[in-house]
Amino acid sequence: MGETVDVRIYGQTYHITGDKTPEEIQKIADYVDDRMHLISKVVERNGTSAIAVLTSINIAEEYFDQQDEMERLRVSNQQLERDSAHYIKLWEDAKKNYKQSKEVMDKMKNQNSKESEKFKQMEDKVQDYENQIFDLQMENIQLKSELEKLRKDEE
């Protein structure tokens with residue numbers, strides 16, 4: 001237990017001991033005193049016990065309203081946590097998909113590069129074949145010409 005604090009509530013002094021600091025106990029007592037003075041101005045009853053009961057009811061109502069609000073906020077917070085977890089998962093999935101897509105693109109670029117190299121090699125071979133065909137055609141023309149010449153010489 002903490003130390004004892006003397007507080008005044010609705011004109012009476014009370015010795016209160018609690019787990020709170022003296023400042024917190026005084027703050028609570030001041031709140032109760034303020035509420036009792038407010039209620040005494042509103043109600044037509046003069047008795048301290050009636051004002052104390054009405055003040056207690058009023059404070060209990062505030063307490064339950066705060067409990068309801070805390071429950072609403074707790075439920076809202078749980079929903080926000082679920083939403084956050086969902087969006088974090090979506091974000092992680094998007095990063096994973098991006099990484100996989102990038103890997104596929106890099107692989108495709110690599111394959112494209114290899115295919116381009118193969119295509120270039122095939123073009124070079126085709127060019128070589130065309131050159132060989134051209135050379136053979138030229139040789140064929142030359143041979144035909146020599147053959148013609150030989151025929152003419154035989155005649």
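Which residue does the side chain of Asp 106 meet in a salt bridge? Keep that question in mind while we walk through the structure; point 5 comes back to it.

1. **What you are looking at.** Please remember throughout that this is a predicted model. A good place to begin is helix α1, which covers residues 22–42. This helix has 21 residues, and from its first C-alpha to its last it reaches 30 Å, close to the 30 Å expected at 1.5 Å a residue.

2. **The two sides of helix α1.** Try finding Ile 25, Ala 29, Asp 33, Arg 35, Met 36 and Ile 39 in the viewer: these residues of α1 are buried. If you look down the axis of α1, its buried residues fall within an arc of 165°, so they line one face of the helix. What do they pack against? Their partners are β1 (4–9), β2 (12–17) and α2. Now turn to the face of α1 that points away from the buried side, where you will find the exposed residues Glu 23, Lys 27, Asp 34, Lys 41 and Val 42. Take Lys 27 as an example: its relative accessibility is 64%, and because of that value it counts as exposed. Leu 38 is also found in α1, but this residue is partly exposed, with a relative accessible area of 43%.

3. **A buried spot on helix α2.** Helix α2 spans residues 48–154, and Thr 55 lies in it. Is Thr 55 buried or exposed? Its relative accessibility is 2%, so Thr 55 counts as buried. Leaving aside neighbours within four places in sequence, Thr 55 is in contact with Val 32, Arg 35, Met 36 and Ile 39. You have met some of these names already: Arg 35, Met 36 and Ile 39 are among the buried residues of α1.

4. **A salt bridge between two helices.** Here is a general idea to carry with you: side chains of opposite charge can pair when their charged atoms come close. The structure holds eight salt bridges. One of them joins Glu 62 and Arg 35, with the closest N and O atoms 2.9 Å apart. Glu 62 lies in helix α2 and Arg 35 in helix α1, so this pair ties together parts that are 27 residues apart in sequence. The two partners differ in how covered they are: Arg 35 counts as buried at 17% relative accessibility, while Glu 62 counts as partly exposed at 25%.

5. **Salt bridges within helix α2.** Back to the opening question: the side chain of Asp 106 meets that of Lys 102 in a salt bridge, at 3.5 Å from N to O. Why are the two separated by about one helical turn? They are four residues apart in helix α2, and that spacing is the reason. Asp 106 is partly exposed at 39% relative accessibility, and Lys 102 is partly exposed too, with a relative accessible area of 41%. A second pair to find is Arg 72 and Glu 69, whose side chains meet in a salt bridge of 2.6 Å, N to O. Both lie in helix α2, three residues apart, which is about one turn of the helix. Arg 72 counts as partly exposed at 47% relative accessibility, and Glu 69 is partly exposed at 32%. The general rule behind such spacings is that an α-helix has 3.6 residues a turn, so residues three or four places apart point the same way.

6. **A nonpolar patch on the surface.** Which residues make the nonpolar surface patch of about 290 Å²? They are Val 104, Met 105 and Met 108. Val 104 is found in helix α2, and it counts as partly exposed at 46% relative accessibility.

7. **A backbone angle to check.** Most residues other than glycine have a negative phi. Tyr 10 has a positive phi of about 50° although it is not a glycine. You can find Tyr 10 in the loop between β1 and β2.

8. **Two distances to try in the viewer.** How far apart in space are Leu 38 and Ser 145? From C-alpha to C-alpha they are 130 Å apart, with their positions 107 residues apart in sequence. For another pair, choose Lys 27 and Lys 109, which are 82 residues apart along the chain and have C-alpha atoms separated by 72 Å.

Methods: Residues are numbered from 1 along each chain as its sequence is written. This is a predicted model: local features need pLDDT of at least 70, side-chain atom pairs count only at pLDDT 80 or more; totals for chains, interfaces and linings use all residues. Side-chain values use heavy atoms; hydrogens and water are left out. Patches are made of residues with over 30% relative accessible area and no salt bridge: like charges are joined within 9 Å, nonpolar side chains (Val, Leu, Ile, Met, Phe, Trp, Tyr) within 5 Å. Accessible areas come from the Shrake-Rupley method with a 1.4 Å probe; for residues, only the protein chains shown count as cover. A salt bridge is a side-chain nitrogen of Lys or Arg within 4 Å of a carboxyl oxygen of Asp or Glu. Buried means under 20% relative accessible area, exposed over 50%, partly exposed in between (1.4 Å probe, protein chains only). The expected span of a helix is 1.5 Å times one less than its number of residues. The arc is that of the directions from the helix axis to the C-beta atoms. Contact means heavy atoms within 4.5 Å.
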